[in-house]
Amino acid sequence: MKIVITGATSGIGRQLAMDYHAEGHEVYALGRNEQALEELRSHGLSTGKVDLTDKEATLVWFSTLESVDLAILNAGTCEYVDLPQFDSSLIQRVMRSNVESMAISIEAVLPLLRKSATGHLAAVGSSAAYVPLPRAEAYGASKAAIAYMINTLRIDLHQENITVSLICPGFVKTPLTDLNDFPMPFRISVEQASNYIRNGLSKKRAEVHFPKRFTVLLKLLALLPSPLWTKIGSKMVK
Ligand SMILES: NC(=O)c1ccc[n+]([C@@H]2O[C@H](COP(=O)([O-])OP(=O)(O)OC[C@H]3O[C@@H](n4cnc5c(N)ncnc54)[C@H](OP(=O)(O)O)[C@@H]3O)[C@@H](O)[C@H]2O)c1
């Protein structure tokens with residue numbers, strides 16, 4: 001398969017790129033960090049240096065490819081809100097990095113997926129979007145927007161035979177979560193995350209969520225009445 005992975009210079013995306021490459025696929029690993037891209041090239045991967053919030057640069061880079069079988073749109077960031085300050089610039093930054101860049105990537109890659117007989121679009125959201133979590137006004141909202149965008153695209157692309165998957169990880173140990181200053185239940189390694197994702201995508205699952213002991217718990221908590229969840233959630237605030 002010809003596979004494009006965004007956010008492949010670090011964490012989950014890097015592990016996926018290395019694992020798909022080891023399986024013998026033709027992998028295009030995207031990111032901005034030149035040193036990390038160089039390291040990926042030294043392992044034999046093809047790379048692209050693109051800031052995915054830059055629409056023109058992203059469209060130009062993708063136009064150099066002829067077709068893509070699997071696109072894993074994984075690039076993203078996280079910032080938490082710290083009340084009493086509600087900083088709208090923080091919300092804008094996270095929406096730009098997570099939602100706008102996702103939309104730009106989809107615009108760029110969709111024509112290439114249409115040229116594949118087995119086009120598969122996979123987007124990395126988060127299990128954080130299942131329930132309102134403390135301080136996640138920006139991150140959770142961005143991942144909820146991605147979930148809606150991707151779940152809607154699945155319906156609209158159904159007639160075109162393009163598979164669309166939403167990936168919802170729980171906590172995974174990466175440079176992103178190393179910055180968190182709160183307990184992260186059931187945190188798994190990038191190797192485990194890559195195994196879950198590659199297995200779920202090989203089965204063309206609509207939603208790939210893991211680890212189940214965490215994500216199923218969140219899905220159940222989402223069923224609680226809002227006043228009860230508010231009480232529980234407010235106790236989680238440090
Ligand atoms: N780790 C978790 O527990 C967890 C849980 C749920 C969901 N997720 C999601 O999984 C994805 C990967 O997270 P991670 O933990 O692996 O994070 P990470 O180690 O910080 O990696 C983030 C990647 O995204 C790239 N990126 C960010 N903004 C970009 C932009 N504007 N243009 C191009 N590339 C950009 C970074 O590239 P450069 O460094 O080269 O700039 C980097 O390769 C994210 O979408 C995150 O929200 C993670």
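In the next few minutes I will go through the overall build of this chain, its nonpolar cores, one helix, and its cysteines.

Please keep in mind throughout that this is a predicted model. The secondary structure comes to eight helices and seven strands, and the radius of gyration of the chain is 18 Å, close to the 18 Å that the globule rule gives for 238 residues, so the chain is as compact as a globular protein of that length. Along its principal axes the C-alpha trace spans about 50 × 40 × 30 Å, and 49% of the 238 residues count as buried. If we take the contacts between residues at least 6 apart in sequence, 64% of them join residues at least 24 apart.

Let me turn to the interior. The largest nonpolar core has 37 residues, and those with the most contacts inside it are Leu30, Phe62, Val68, Ile106, Leu113, Leu121 and Ile150. Several elements each supply at least two residues of this core, including strand S2 (26-31), helix H3 (55-62), strand S5 (120-124) and helix H5 (137-156), but helix H4 gives the most, with eight residues. If we look at Ile106 and leave aside its neighbours within four places in sequence, we find Ile106 in contact with Leu73, Leu121, Met149, Ile150 and Leu153. Apart from this core lies another, of 25 residues, among them Leu16, Val124, Val172 and Val208.

Helix H2, residues 34-42, deserves a separate word. Which of its residues are buried? They are Ala36, Leu37 and Leu40, and because these three cover an arc of only 100° around the axis, they sit on the same side of H2. Gln35 and Ser42, on the other side of H2, are exposed. What covers the buried residues includes helix H1 (11-22), strand S2 and strand S3 (46-49). At the N-terminal end, H2 is capped by Asn33, which has a side-chain oxygen 3.0 Å from the backbone nitrogen of Gln35, while just after the helix Gly44 takes a positive phi of about 100°.

Finally, the cysteines. How many disulfides does a search of the whole structure find? The search finds zero, and for Cys78 the reason is distance, because the closest cysteine sulfur, in Cys168, is 15 Å from its own, too far for a bond when the cut-off is 2.5 Å. Cys168 itself counts as buried, at 2% relative accessibility, because the cut-off for that term is under 20%.

Key
Residues numbered from 1 in each chain as written. Predicted model: local features only at pLDDT ≥ 70, side-chain atom pairs only at ≥ 80, totals over all residues. Heavy atoms only, no water. Core = buried A, V, L, I, M, F, W, Y, C linked by side-chain atoms within 4.5 Å. Buried < 20%, exposed > 50% of the residue type's maximum accessible area, 1.4 Å probe, protein only. Helix = DSSP H or I, 4+ residues; strand = E, 2+ residues; numbered from the N terminus. Contact = heavy atoms within 4.5 Å. Arc of directions from axis to C-beta. Polar contact = N/O pair within 3.5 Å; in protein donor to acceptor, adjacent residues only side chain to side chain. Rg over C-alpha atoms; globule rule 2.2 N^0.38 Å.
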